Amino acid sequence: MKPAFNEMLNPDGSVRAVYSDLEAWLKSTPPEVLDVRRREADLMFRRLGITFAVYGEGGDTERLIPFDIVPRVLTMAEWRRLSDGLIQRVRALNAFLFDVYHAQEIVRAGRVPESSILLNEQFRLEMHGFDPPGGLYNHVSGIDVVRVGEDEFYVLEDNIRVPSGVSYMLEDREIMMRLFPELFAAHRVAPIDRYPEELLRTLQSIAPAVDVPTVVVLTPGAFNSAYFEHSFLAEHMGVELVEGRDLFVSEGYVYMRTPEGPKRVDVIYRRIDDDFLDPLAFNPDSVLGIPGLFSVYRMGNVSLANAVGTGVADDKSIYPYVPEMIRFYLGEEPLLKNVPTYTCRNEEDRKYVLDHLDELVVKEVHGSGGYGMLIGPTSTADQIEAFRDRLTARPELFIAQPTLALSTSPTFVEQGIAPRHVDLRPFVLLGADCVRLVPGAFTRVALREGSLVVNSSQGGGTKDTWVLEDDRPC
Amino acid sequence: MQFRVEHDTVYSYGETALYSAQYLRLTPRHHDHQDVWGWSVKSNVPLVSFADAFGNVVHVLTLAARHREIRVNVRGNATTRDTHGILPVEPEPFPPAVYLRATGYTEVDEALKDFTEDHRAVVGRNTIGGLHGLMAAIGERVSYEIGVTHVRTTASQAFVEGSGVCQDHAHIFIACCRQLGIPARYVSGYLWVNPDDNDYDANHAWAEAFVPDLGWISFDVANRMSATDAYLRVAMGLDYSGAAPLLGIRRGGGDEKMDVRVRVSQFDTRREARVHARDQQ
Amino acid sequence: MLSRTADSLFWLARYLERAENVARMLDVTYRMSLMPQMDGLHSSDWSSALLAAGQKAPFDLRYDEANARNVIQFLVLDAENPSSIRTCIRKARENARELPGAVTTEMWESVNDTWFAIGDLEYTDVSRNGFHKFFDLVQGRAHLFRGVTYGTMLQDDAYQFLRLGWFLERADNTARILDVNYHALLPTGGPVADTVDYHRWAALLRSVSAFKAYRRLYRQAIVPHGVAEFLMLCEDMPRSLHACYREIDSGFACLRSAYRSDLECYRLGGEIYARLKYGRIDDIFRRGLHDFLAQLVRDNETLGAEIAHDFLMEA
């Protein structure tokens, strides 16, 4: 494994241009001052949490995710290359979804095996033959990207069901601007605060034909770990935050229950999983959903974002085919790399994986949150052997990838400023009118030294992500 | 065979119900072997309809006002032709492999798996003969009895019980087929029964299995036969949940009383032919 | 605004009002119980407290004797009693929590602080400093919440749902305690009972903060007839049925101008209001006070159901 790319320092110890001002500031600021600011940040998060409906104990467990006060910095040129690749990928995923739920040309062409779609749990038969507004499925995509070199970005995972994290992107920026106005004066950081507005426009663009579409955010409720984000987005878009029980179906339309009487709803930004949307069409035990919702959706009288059934495109078993999708649907070469992936279901791949467990990362096909995975290089022999048994028993549940050296970014830890591994989750908005992307992302950082796991459930933190405008005054 | 279907359902509630929603799959489609005319689904509640991914016509019943009763009335006529249990070839929404998907209703436990494996060799040698054998074996093992199982009973549960209704029979058959790698699906419909024979409900369900070179073949475990011209095919899906005639949910209402009357009657061909002609004018 | 928001506002107010009413009633019951015992009436004070709270049956299921300790445990602290003060405050807080946009920070803090002040109290905590102090605390918290609401909340349609919740709950409480006390007095008579009666009616007036006001307004002895009139028909007395329904009717008037105007709850509210506004105490007594109050409690409940149906999240 080659050494991780340090985003601030070159191998010879010199500072990369994009970090020069930040590095100077870090050097000139005593650790005690940074520590005071860090505490202030914590306090601010708590207070913000309170203004954002979290209200007391319980609800703010999410907010306890540690925040690192050192921003992670990208140049505009880097961002442009990255965003071109993201847009390309998101378009290809959308084309794939349309195809999967219509003629399945890609299967006929032999580029993706039929069984990996037809027998995929995430393939929603109910969506077959249905044209969602604008032919769009993944209106909101959160693509996990890691950097391994100066100009080398890999996509680790496509999240196009109900991706979360964008509220951290926005809040981390808000806190940074309050804490370090002097840094913003010295840097030309591209603004990201228009994200809620862009999201609203995207949602409006897929509305059924009405004069002024009514948009709502549908949440599972206050007990959900992402409830904070749901209420944050609803508030910043200026739309109602609803639960399933606030909505009902009547004569082919969806209505919201208000004291004034039923109010028609046109677009639902739903933050609940497919299975729970409509107990008459999907999981009959769902109490979160709206009976009959799916019929209204199929009739075209309400739009859902994201569409039902997007999971078939971001499934780990489908991931290896994304580059092929880009070639097949767009006739282009992928701009962002896919991590080589071994599908343990295939005998040849499985043999390789079992022989190289100490080098590979092995993940569950349906897993998430960094659970149930093996990181070969950092695991003990016992852990590897235990995993070998699991893998041998149910190989179809696993995929494996080479361990990537995630890039590092300077991070304020107990010992002072030190490099820690980071990933990046930018959000792409695909509307019927255009693609929208704000120059920023949700950066997760593995706070433990040497750790490659950035998931918040496994000791990860967050950072503000800066994209610096080109014409920066020196 | 020509027959007329009259199917009335009345739900009455012990207390005032506040909201009701139902998906009704009660409208048969035309196939080469079944001609449908004068078909209507009516209710005291407004209905809208759409076609689901399997091509089934779904009426959606919603009532967002206080109510104590819901009525659904189906009337219609059909002419059917005996095709020896083979569904005439027509455009299908999905390739057969889709019908290998496991569902909640058709998951197999160890007992059902063992039972199925006994048939693997025979089915491997002669698919159609093997499946008829499987159908007979299920019929033998699981007797037709009302009241032991309920609408949420799975194939494995009914198999353990050793008794069930046509829904359970169909689920067990489908589960076994999928376990053997044979695509299979659930069909709901109407069955004309000889007026002297009161054993069976005219509301019926059976299974279809895909046999290469032949196509979709029907298997009615409850009656241990393939569908004849006494069968009217209405809706199909992976299991009951995708083909159920009535599937509903409500708020309030207390105890529900459901009164169902189904009449499937053969009628005078000549007289109805005139009616048919008039319908078409 | 969502119906769920209106629902939470309505119940936030109802639960806080209910907690206050239970505290008021127990406070007076406790004082009564400290008086010299007469004819074994001592223990029936605690029973009538249960009756007035509509809690006699559930209490009997779980406790043997209606003594101070058991009744206070049940009506104040019992987490399993859906109407105990503790449960009411907890539910009030849960409802407020659903309302980030609709209640002000000050309102939230008031409810939240109340929960932290009494949420984990034990019986010994309540008895140690004297029950009166505890009941005072609960009433004080309720006053504070009302004051904060008047002082900080926008008086739009959302506010009307709080108002409906308050006064519907209060009307229910006033009607019940009047009915129960009147009932309890009927079988007694004679010179000894007169003294008891006096204390009982005085206590009833105190429980609705109306003792002094009654004296000032009526300038006569405390007689059942007068107390009933005061608590039912006096418009100026803030806990009278008449005043409650004036507020309810006025709340409806605000909603009617903003929403649909042809709802059953408006009509029923108006009908009850008219009964109280134009009713005469002599007529009510002639036809039977108990019947009148029982009907009012029923109508009040029906009105609650109609409000739920027309505006809120009907269960």
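Contact here means that heavy atoms of two residues lie within 4.5 Å. The exercises below apply this and related criteria to a predicted model.

**Exercise 1. The interface between chains B and A**

Determine how many residues of chain B are in contact with residues of chain A, and work out which three residues of chain B supply more of its buried area than any other three.

*Solution.* Start with the contact criterion, under which 28 residues of chain B are in contact with 29 residues of chain A. Next take the surface that is lost on association: the area buried between chain B and chain A is about 2200 Å², and carbon and sulfur atoms give 67% of it. Within the share that chain B buries against chain A, B:Tyr23, B:Phe50 and B:Arg101 supply 26%, which is more than any other three residues do.

**Exercise 2. Polar features of the interface**

Find which side chains meet in a salt bridge between chain B and chain A, and state how the residues on the side of chain B that touches chain A divide into nonpolar, polar and charged.

*Solution.* Begin with the count, which is one salt bridge between chain B and chain A. Its partners are the side chains of B:Arg152 and A:Asp285, with an N to O distance of 2.6 Å, to be set against the 4 Å cut-off for such a pair. Then turn to polar contacts, for which the count between the two chains is ten residue pairs, both residues being at pLDDT 80 or more. The strands of chain B that each supply at least two residues of the side touching chain A are β1 (2-27), β3 (47-51), β4 (57-63) and β12 (246-252). Finally, sorting the residues of that side of chain B by type gives 20 nonpolar, four polar and four charged.

**Exercise 3. A four-stranded sheet in chain A**

Establish in what order the four strands of the open sheet in chain A are arranged, and identify which are the edge strands.

*Solution.* Reading across the open sheet in chain A, the order is β12-β15-β13-β14, and the pairing is antiparallel. The edges follow from the pairing, since β12 (342-343) and β14 (374-375) of chain A each pair on one side only. At the β12 edge, two bridges join β12(A) to β15 (residues 398-402) of chain A, and these two strands run antiparallel. One residue can be followed across this pairing: A:Tyr342 has A:Ala400 in β15(A) as its bridge partner.

**Exercise 4. Chain dimensions against the globule rule**

For each chain, give the numbers of helices and strands, and compare the radius of gyration with the value from the globule rule.

*Solution.* Chain B has seven helices and 13 strands; its radius of gyration of 19 Å is close to the 19 Å that the rule gives for 281 residues, so chain B is as compact as a globular protein of that length. Chain A has 14 helices and 21 strands, and its radius of gyration of 23 Å agrees with the value near 23 Å for a compact globule of 474 residues. Chain C has 16 helices and zero strands; its 19 Å is close to the 20 Å that the rule gives for 315 residues, so chain C is as compact as a globular protein of that length.

**Exercise 5. Backbone exceptions**

Locate the loop that holds A:Asn306 and the loop that holds B:His84.

*Solution.* Most residues other than glycine have a negative phi, and most peptide bonds are trans. A cis peptide bond, with omega about -5°, joins A:Ala305 and A:Asn306, and A:Asn306 is in the loop between β10 (303-305) and α11 (311-314) of chain A. B:His84 has a positive phi, near 55°, and lies in the loop between β5 (67-80) and α1 (110-117) of chain B.

Notes
Residues are numbered from 1 along each chain as its sequence is written. Chains are lettered from A and ligands numbered from 1 in the order in which they are written. This is a predicted model: local features need pLDDT of at least 70, side-chain atom pairs count only at pLDDT 80 or more; totals for chains, interfaces and linings use all residues. Side-chain values use heavy atoms; hydrogens and water are left out. Two strands pair if DSSP finds at least two bridges between them. Buried area is the accessible area (1.4 Å probe) that two parts lose on being put together, summed over both. A polar contact is a pair of N or O atoms within 3.5 Å; within protein, one must be able to donate a hydrogen and the other to accept it, and residues adjacent in sequence count only if both atoms are side-chain atoms. Ala, Val, Leu, Ile, Met, Phe, Trp, Tyr, Cys and Pro count as nonpolar, Asp, Glu, Lys and Arg as charged, and the others, Gly among them, as polar. The radius of gyration is taken over C-alpha atoms; the globule rule is 2.2 Å times the number of residues to the power 0.38.
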